[in-house]
Amino acid sequence: MKSASTRALIALALGGVLTLGAFLGTFFWAGVPDFGFVRTAGRAESVRYQGPFKQEVAEARYLQNYVGYRAEVETDGDIVQGTITEASDDAVTLDADGDSVTIDAADVTSAIVSGSTYGRPDWGQKIFYFHVPVAEISFIVFAVAAFYSLRFIMTRRRQYDQKARVAMEVTLTFIMLTMATGILWTRAAWGVWWEWEPRLTTYFIMTLLVIAYFVLRNSVEDEERRALYAAAFSILGFIDAPISFFITRLIPSNHPVIERGGLETPMLVSFIVAQIGMLLVGYAIYQLRMGEMKLTDRIEHAKTLLEG
Amino acid sequence: MDPTLKEVYSLVLTQWPLVAAAYALLWVGLMAYIGFALKRMNGLGKQVEVLEAALARRGKAE
Amino acid sequence: MGSEQPTANALEVRDLTRAFGMRKALDGVSFDLPGQAFLSVFGPNGAGKTTLVKVLTTLLNPTSGTAKVLGFDVVSDAVEMRNHIGLISHNPLLYPDLTAEENLLFFAEMYGIEEPHVRVAELLDAVELDHRKLDLTRTFSRGMLQRLSIARALLHRPEVIFLDEPYSGLDPHAMDILDGLIAAVRDKHTFVMISHDLDKGLELCSHALILAKGRVVLFEPREAIDEAVFRDTYRATVGLGVA
Amino acid sequence: MASLSGRQFRAMVKKDIVMELRTKEMIMSMGLYSLLTMVVYFVALSQTGSNFDPRDIAAGLLWLAFIFTSMLGLNRSLVHEKDQGCLEALLLSPVDRPVIFFAKVIGNLIFLLAVEALTIPVFGFLFLQGSSLDIGSMALVPLIMFAGSVGIAGVGTLLATMSVNTSGKDFVLPVLFIPLMYPLLLGAVSATAAAITGGPDAMGGFWIGMAWVVGYDVIMLLASYGLYEFIVGA
């Protein structure tokens, strides 16, 4: 049985290298695209520098957001240029070449602020290269578990029950990892840890279903009955998986979706490599746990031989 | 460091700690799971050896 | 009700195995039982007695091997076969919130019996429960329940009757009544009885079967059995089966 | 054999109803439970402000009450079969397993609808007094209620058949049942909310929810029907 666990470890190492490679590839080959921009008052040398910006401010009180920026404030025919040093709802103070000028907000007819713009690298998007493969593997392994459950119901052979059970365990592991990485990404991208959004909700339900599968297994005494019930439940539960998978395409959802042909070559290649890597990792875990199952069986067998 | 550059970085880098944490969490989780599985398997392997040695002594075929 | 295939043997069991993984509840059980025989099945707990009866009554499918009851295969002819078998268990298998009559009428419907009221009245009479037929079975004593349970098992005039430890939990009086009822239908039926009670089982049987760990240890007609040897064999299996 | 199946089916449904009318166990426990839920709702809503519109939340509260009371009844109805091994006696009779399944589903559906028919007026009386309701669209509530109950009874019967054979039956059923019910609840609540709110704009929402629930019913009933034979014989 050593071979199975060796195989598992080789698959794990290979999967690790591939996923890591894909992840690095997205940074250094595909680069980090900009998503939106940030602004500063001063100017700094940076690859992300996009140039100066000039913007008209609609209301004088908004000048409070631009303390430190250059501003051009117009009052009845009079234009004052300078750096904003202080601003409140009622007044704004400019430093115009050493002279401090205070203007009532009510007198301001128009104001233009200027500074520098920098591209904002979309670090959050990088999660796509591991969060999505992990989530996909959780669906695939769930499908494998449902397949073996069906096989079990047809044949009643214990090996299929074991395979379904181990596949379900791998599903649970990957679901948990998807949840963990997903929650961190939602915080980064949406600013909240959790949102009751269709994809998240259905995925959460899927988590509960997989947990329920193990609750069910633990509460049935008879081994064959346990296997049958668990198989039936995993088939029923699997009906929710496609709902979760396709729901972002059915109901308006905040969750990002890959658009058809929307990936550039470096991104696509990295993504596919990451998927293959994760699949190998999933396979490794599956093999490892199957090996453990077989060992347990051998122990049981040896015990009955010794005691019988 | 240039104060403006510092400001740029502080504005630009808000997301990456979370992404890095997610990546780290992923591998820590996987490794912990695999580590426990391997440890359990080691224990089981020892038990198998003991039992099968006992079987061999008693001359019972498996 | 279906064509009756003429067959000398009521039960034909060939290499019957029922396994899940490495655990074998039945392991290559084979025997033939002639019609109108009374088979007592003995064995320690976990020997596979209940599994054997469940397979023979179509409640469980065998993993391999075949079993025929009255010529009907337990797998392929299961639905047809159920018309010809009855089960009396230590569990009454009756609804406590239905009256005695309603219980029997309900099962008569399940078997599709013609003129159910007539048949039910006849059986209630036979088990001497006609005066209690309007009472909920919830109020019945253990013995009365067992009698009603026998009436339920005989509703559809089965040819083979399975008894799963029918005496457990009965007081001596109820046991006598049960003996009487079995004796009354004894010659026209084939019986298969699971029992822990060696004396009782041997007294009634025409054939005896000892199971241990899912295998047949002994299968002999009553005449061929030397009681002392039989008891020793049984004791040996009980010792064996403790594991 | 079709007529025999019909006879068996009628006998099983009749038996469930006779037993229920005699003991009133399920109706009593489910009805009381749903009344108690109303009390809890009252407490939960007691701190809401004066501009709170109970119609916004009525659909969700109703289905919450239905889903929890239904589990109570489903458990009871299968415990009856299991109690003295009656299920075994049923399986011994020449009955096709789907007949058992559909008879139990119909029985459960009847009791469920009875309790729901009781709950809705009480709920309306306690929480929706003074709200302006569109009687025309409210008439659609029983429709979605029926469609939802079919799904609850179908999947619930299968799951309750499993859970009566587990240790800790009361705990296992909700754990299995509620996540599986999620898609149905989603559609049922949105359709019911549309029906309660009323107005011409709501009708589209109602029929989408209704279609979703009916789709769920069809898929899940077929799956449960297919799996029941294996479960009940185990």
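Chain B and chain C make no contact, and their closest C-alpha atoms lie 13 Å apart. Contact here means that the C-beta atoms of two residues, placed from the backbone, lie within 7 Å. Chain B does not touch chain D either; their nearest C-alpha atoms are 25 Å apart. Four pairs of chains touch, and chains A and B have the most contacts among them.

This is a predicted model, in which local features need pLDDT of at least 70, side-chain atom pairs count only at pLDDT 80 or more, and totals for chains, interfaces and linings use all residues. Residues are numbered from 1 along each chain as its sequence is written, while chains are lettered from A and ligands numbered from 1 in the order in which they are written.

**Chains A and B**

The contact between these chains takes 42 residues from chain A and 32 residues from chain B. On the chain A side, helix H1 (2–28), strand S1 (34–40), strand S7 (108–121), H2, helix H3 (158–190) and helix H7 (265–307) each supply at least two residues. H7(A) gives the most to this side, with 14 residues. Helices (H or I, at least four residues) and strands (E, at least two) are DSSP runs, numbered from the N terminus.

Chain A has seven helices and seven strands. Along the sequence they follow the pattern α-β-β-β-β-β-β-β-α-α-α-α-α-α. Chain B has two helices and zero strands. Its radius of gyration is 26 Å, well over the 11 Å that the globule rule gives for 62 residues, so chain B is more spread out than a compact globule. Chain A has a radius of gyration of 29 Å, where a compact globule of 308 residues would have one near 19 Å. The radius is taken over C-alpha atoms, and the globule rule is 2.2 Å times the number of residues to the power 0.38.

A residue is buried if 20 or more other C-beta atoms lie within 10 Å of its own, exposed if 12 or fewer, and partly exposed in between, with C-beta atoms placed from the backbone.

| Chain | Box or span of C-alpha atoms along principal axes | Buried residues |
|---|---|---|
| Chain A | about 105 × 40 × 35 Å | 41% of 308 residues |
| Chain B | roughly 80 × 20 × 10 Å | 15% of 62 residues |

In chain A, residues 24 or more positions apart account for 73% of the contacts with a separation of 6 or more.

**Helix packing**

Two packed helices are described by the angle between their axes and the distance between the axes. Helix H2 (residues 128–155) and helix H5 (residues 223–238) of chain A pack at an angle of about 135°, with axes 9 Å apart. That makes H2(A) oblique to H5(A). The crossing is left-handed. Among the contact residues are Phe142(A) and Phe152(A) of H2(A), and Leu228(A) and Phe238(A) of H5(A).

In chain D, the axes of helix H7 (residues 141–163) and helix H9 (residues 202–232) come within 9 Å and cross at roughly 20°. H7(D) and H9(D) are therefore roughly parallel to each other. Their crossing is also left-handed.

Axes are lines fitted to C-alpha atoms, for helices over the stretch in contact, and angles run from 0 to 180 degrees between N-to-C directions. Angles under 35 degrees count as roughly parallel, over 145 as roughly antiparallel, 65 to 115 as roughly perpendicular and the rest as oblique. A crossing is left-handed if the near helix is turned anticlockwise from the far one by less than a right angle, and right-handed if clockwise.

**The sheets of chain C**

One open sheet has four strands in the order S2-S1-S4-S5(C), with antiparallel pairing. Strands pair if DSSP finds at least two bridges between them. Strand S2 (23–34) and strand S5 (72–73) of chain C stand at the edges, each with a single partner strand, so one side of each is left without a neighbour in the sheet. Five bridges join strand S1 (residues 9–20) to strand S4 (residues 64–69) of chain C. Leu11(C) has Val69(C) as its bridge partner in S4(C).

Another open sheet has six strands, ordered S6-S7-S8-S3-S9-S10 (chain C), with mixed pairing. Its edge strands are S6 (85–89) and S10 (215–221) of chain C. The twist averages 15° from one strand to the next. Six antiparallel bridges join strand S9 (residues 207–212) of chain C to S10(C).
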